[in-house]
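Biologist: Could you take a close look at one part for me, the helix packing, and walk me through it in one go? I'd like to hear which residues do the touching, and anything else that helps place it.

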Amino acid sequence: MADLETFRRETRAWLEANCPQSMRSPVMGDDDQCWGGRNWTFKSEDQRVWLERMAEKGWTAPDWPKEYGGGGLSKEEHKILREEMARIKARPPLASFGVWMIGPAILKFGSEKLKKQHLPPIVRGEIRWCQGYSEPGAGSDLAGLQTRAEDRGDHFIVNGQKIWTSYADKADWMFCLVRTNPDVKKQLGISLVLFDMTTPGVTTRPIKLISGSSPFCETFLENVRVEKDQVVGEIDQGWTIAKYLLTHEREMIGGMGRTAAGQKTLAEMAVDALGLENGRLADGMLRSEVARWDLDARAFELTAERVLDEAKAGQGVGNTSAMLKYYGTELNKRRQELLIAMHGSDALVWEGEAWREGALAKQWLRSKGNSIEGGTSEIQLNVIARNILGLR
Amino acid sequence: MTGLVLNEEQQMLKDTARRFFSERAPVSQLRRLRDERDATGFSRDLWRAMADMGLVGTLIDEAYGGTGFGHVGMGLVVEEAGRNLSASPLLSTAVLGASLVQYAGTDSHKQSLLPAIADGSRLTALAVDERPRHAPRQIETRAQATGDGFILSGRKINVIDGHVADTLIVAARSAGAPGDADGLSLLLVDREAPGVTVERTFMVDSRNAAIVTFDGVQVPDDAVLGLPGQGREPLQRALDIGNAHLAAELLGIALEAFERTVKYLQERKQFGVTIGSFQGLQHRAAHLFSELELVKSVVLKALQALDEGDDRAPELVSLAKAKACEVAELATNEGVQMHGGMGMTDEFDIGLFLKRARPVQQLFGDYRYHADRYAGLRGY
């Protein structure tokens, strides 16, 4: 305990001395974060310095082992670091699919060679990753993917098409699910492979959404050479890793129903938009709907908290990520609908500075994808019914 | 700060309560009480056994013969009673009576009432509502000051366990007019006192309630709980405590109805397969599962807030009661629907959960009441 107190003191002092002032404010959307990578242009000198200093200590991936560039922190120390960062409102130095997704998978399933090759550049923010999972014909039925990897001895030749690859046009490497064996049950013939996006035969095309431009891309793979030592885990055993990563992703997306620190609550925005009469929102029907949402959102936040507390105490049933993903994304969609309703026609203006270039309308439309990406709500309900309730 | 988990002692209490109610007061006991039109409406033997185990004194300090285990502990007992639809004066006496006397009573009130409540020998009932929908500000029952006491006149409805309670705790107006927040007094009234008339009402859940009429009942000064005219605060606190435990009961009712329904989906066959294989039912069950997870969190949070004297207890209680009402309604409705024709029969238990849930929802405010109160407390 004394050690943890020392760690907290030292961490606090280090953050105080090393976190630039401009990095002590909430991140305003995806464009405001530091994504790193070969082609990254830092938005400010502070952004560069903050990444460099944190990466130096391995605190871009605080709980990874030191030998791969990570911070080597225990669970308790990691928690203290998070708390101390939150205390001064320090933003994460790096947003990274490498840190969030493929890194943990390589740590858990990858060879020593892959760990040494890929983990340190992820920690330093030098290589930006994208995820090649979905295909035009394989969405909810992900295991039905058709991208073929043909065995050529020491390497594979990959042909196929991926879709919904976030930031594929900006990423340096892709982690990609491919079919290495077409002759067995669909889940048993899949491998997770890694390749450089500059490999000949890789092309990307951005996808425009109903909400406007987006980070999503289509990725076309035409006779792409992938070395065999770039397979994570065993050949044909990629589905296990894919499921592990999907759980991870669900947990990330499920967090979206929550109000971020410093953000106005829905009720506060309703008061601004509608005004109060005798201490109550001036529109009675909207007041009921906002209250209903508010109750659900608070209950959901407490549930996310309880799930964490139970996990820490070694209690609980586990297997809650599907429920959190389902409920959290549905909540966010309801929130966006209420924002549109309370702001009326103002919320539906698409262009113009006075309307922040249609920000309300765009985030409302974008939220429709929350219950589709990372496994649709219907798939989450299937998972709950089958795995938790034993209905089949 | 306590995490949203049970400690070891609480977990043990929950297990003990679960075993106790499923063995000593299962759903079949409620059926028997109903079918025999039992005059008491619960088993006195059961109540004695609960007192002997220390369950009745869960909220009472050790100095007065209780265990001082707190609201989280009592909530677990109430939840398990809810699972079995166990009839007993747990709410009226062990929750409402005990906590009101302990909070607002004088030393002599505590000495004379708390040990007797804890050992099961005295029953209490809280008389608040006068209208079919909960509206504590609208109290009309008058407590007219006489110099050395009060003259009590009025009519209370939905007084839970009013027909068997030894002591009635009556919320009456000693000043102001209906609609005023202030001017309430809490009076301890003997059920046998001259001018008190009690009429038992037979409710849809086969549990006990009563209409109690006060016709010029003389109440001495020393029978006031707290200060005369200052009854709003202790009453509101008691209602918060009551609502947190009603939410715990609704959680128990909803969880049990849900688990029985899932089991039925796994067993019942139509078209040659179990009906649980149909996605139309799977998704509704999975949604209900998610909602129940939310209710578990809000109920525990509200009970912890009461134990910790958290300022936010009122809003957390309204959150818990509102959410528990909403989800218990869904769980019991889905329960009957998914049991199909069997769900409509008296022979199957699932209908009894539906019938118990509604009175618990209505008592001290339903979803609408508490959603409105929550919004008000949150400043809109």
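Modeller: Sure. Keep in mind that this is a predicted model, with an ipTM of 0.96 and a pTM of 0.90. For chain B the average pLDDT is 97, and 100% of its residues score at least 70.

Let's begin in chain A with α8(A), the helix covering residues 284-312, and take its partner α7(A), residues 266-274. Their axes sit 10 Å apart, at an angle of about 165°. An angle over 145 degrees counts as roughly antiparallel, so that is how α7(A) and α8(A) run relative to each other. The handedness of this crossing is right-handed. On the α7(A) side you'll find A:Leu266, A:Ala267, A:Ala270 and A:Leu274, and they meet A:Leu286, A:Val290, A:Trp293 and A:Asp294 of α8(A). Sorted by class, the residues of that contact come out as seven nonpolar, one charged and no polar.

Now turn to the contact of α8(A) with α9(A), which spans residues 321-343. Here the axes come within 10 Å and cross at roughly 155°, so α8(A) and α9(A) are roughly antiparallel too. This crossing, though, is left-handed. From α8(A) the contact takes A:Leu286, A:Glu289, A:Val290, A:Trp293, A:Asp296, A:Ala297, A:Phe300 and A:Ala304. What α9(A) brings is A:Leu324, A:Tyr327, A:Gly328, A:Leu331, A:Arg334, A:Arg335, A:Leu338, A:Ala341 and A:Met342. The class count is twelve nonpolar, one polar and four charged. If you're tracing single side chains, A:Leu286, A:Val290 and A:Trp293 are worth clicking on: they take part in the contact with α7(A) and also in the one with α9(A).

Over in chain B, look at α7(B) and α8(B). Their axes come within 10 Å and cross at roughly 155°, which makes α7(B) roughly antiparallel to α8(B). The crossing is left-handed. The α7(B) face consists of B:Ile241, B:Ala244, B:Ala247, B:Ala248, B:Leu251, B:Ala254, B:Leu255, B:Phe258, B:Val262 and B:Leu265. Facing them from α8(B) are B:Leu281, B:Ala285, B:Leu288, B:Leu292, B:Val295, B:Lys296, B:Val299, B:Ala302, B:Leu303 and B:Leu306. By class that contact has 19 nonpolar residues, no polar ones and one charged.

Both of those chain B helices also turn up where the chains touch. In total, 29 residues of chain B are in contact with 36 residues of chain A. On the chain B side, α7 (232-267), α8 (279-308), α9 (313-338) and α12 (367-377) each supply at least two residues. The largest share, twelve residues, comes from α8(B). That side of chain B has 15 nonpolar, ten polar and four charged residues.

One last stop, away from the helix pairs: A:Gln131, which is in strand β1 of chain A, residues 129-132. A:Gln131 has 22 C-beta neighbours inside 10 Å, so this residue counts as buried. Beyond its neighbours within four places in sequence, A:Gln131 is in contact with A:Phe97, A:Met101, A:Thr165, A:Ser166 and A:Phe175. Take A:Thr165 from that list: 34 residues separate A:Gln131 and A:Thr165 in sequence, while their C-alpha atoms are 5.7 Å apart in space.

How values were computed. Residues are numbered from 1 along each chain as its sequence is written. Chains are lettered from A and ligands numbered from 1 in the order in which they are written. This is a predicted model: local features need pLDDT of at least 70, side-chain atom pairs count only at pLDDT 80 or more; totals for chains, interfaces and linings use all residues. Axes are lines fitted to C-alpha atoms, for helices over the stretch in contact, and angles run from 0 to 180 degrees between N-to-C directions. Helices (H or I, at least four residues) and strands (E, at least two) are DSSP runs, numbered from the N terminus. Angles under 35 degrees count as roughly parallel, over 145 as roughly antiparallel, 65 to 115 as roughly perpendicular and the rest as oblique. A crossing is left-handed if the near helix is turned anticlockwise from the far one by less than a right angle, and right-handed if clockwise. Two residues are in contact if their C-beta atoms, placed from the backbone, lie within 7 Å. Ala, Val, Leu, Ile, Met, Phe, Trp, Tyr, Cys and Pro count as nonpolar, Asp, Glu, Lys and Arg as charged, and the others, Gly among them, as polar. pLDDT is the predictor's confidence in each residue, from 0 to 100. A residue is buried if 20 or more other C-beta atoms lie within 10 Å of its own, exposed if 12 or fewer, and partly exposed in between; C-beta atoms are placed from the backbone.
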